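Here are a few exercises to work through with the structure open. Try each task before you read its solution.

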Amino acid sequence: MKVILRENATYVVRLDKGDELIASLIQFCEGEKIEAGHFSGIGLTQELILSYYNVARKQYEDHELNEQMEITGLTGNAATKGYETIVHCHGTFGDARMNVIGGHVKKLVVGATCEITFQQLKGKIERAHNAETGLNLMQ
């Protein structure tokens, strides 16, 4: 991941082919000491696992997409849970036939590039486990 531009608390970053999105954003946040923020992005995938959260079962259902996909939109946030950085990301993706799919991004390996605009927020967002939903919710 390369920081292209930093202006106050806004960053424009680029991920390159082979970079994994979630791991790269966690490393970025930890390196910049970011405990709260939100981001958006576009680009291309080479590997993608999207998840759908089944509330009744309190678990994610994974869907692996084994084809190159255009990233038509990523949106997400960064928070902490204890000493751990948590990145929560959803996205929409288009295939070569112009079909679009979306969901919770579990894994995204960049195909050619991924361009992210990241806004650091002042303060800290903490997540904690919620027994009713089974999710780590913002507190």
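Keep in mind that this is a predicted model. By the usual distance rule, the count comes to 9 salt bridges.

**Exercise 1.** Work out which parts of the chain the salt bridge between glutamate 32 and arginine 6 ties together.

*Solution.* Start with the distance: the two side chains meet at 3.9 Å, N to O, and the cut-off is 4 Å. Next, place the residues: glutamate 32 sits in helix α1 and arginine 6 in strand β1 (residues 2–7), so the pair links parts that are 26 residues apart in sequence. Finally, check exposure: glutamate 32 has 31% relative accessibility, so it counts as partly exposed.

**Exercise 2.** Find the salt-bridge partners of arginine 97 and sort the residues involved by exposure.

*Solution.* One partner is glutamate 67, with the closest N and O atoms 3.9 Å apart. Glutamate 67 lies in the loop between β4 and β5 (69–81) and arginine 97 in the loop between β6 and β7, so this pair ties together parts 30 residues apart in sequence. Another partner is aspartate 95, at 2.9 Å, N to O. Now the exposure: arginine 97 is exposed at 54%, glutamate 67 is partly exposed at 30%, and aspartate 95 is buried at 9%.

**Exercise 3.** Glutamate 20 is buried yet has no salt bridge; what does its side chain reach instead?

*Solution.* First look for an opposite charge: the nearest such side chain, lysine 107, is 6.8 Å away. Then try the backbone: the glutamate 20 side chain reaches the nitrogen of alanine 23 at 2.7 Å and that of leucine 108 at 3.0 Å.

Key. Residues numbered from 1 in each chain as written. Predicted model: local features only at pLDDT ≥ 70, side-chain atom pairs only at ≥ 80, totals over all residues. Heavy atoms only, no water. Buried < 20%, exposed > 50% of the residue type's maximum accessible area, 1.4 Å probe, protein only. Lys, Arg positive; Asp, Glu negative; His and termini not counted. Polar contact = N/O pair within 3.5 Å; in protein donor to acceptor, adjacent residues only side chain to side chain. Helix = DSSP H or I, 4+ residues; strand = E, 2+ residues; numbered from the N terminus.
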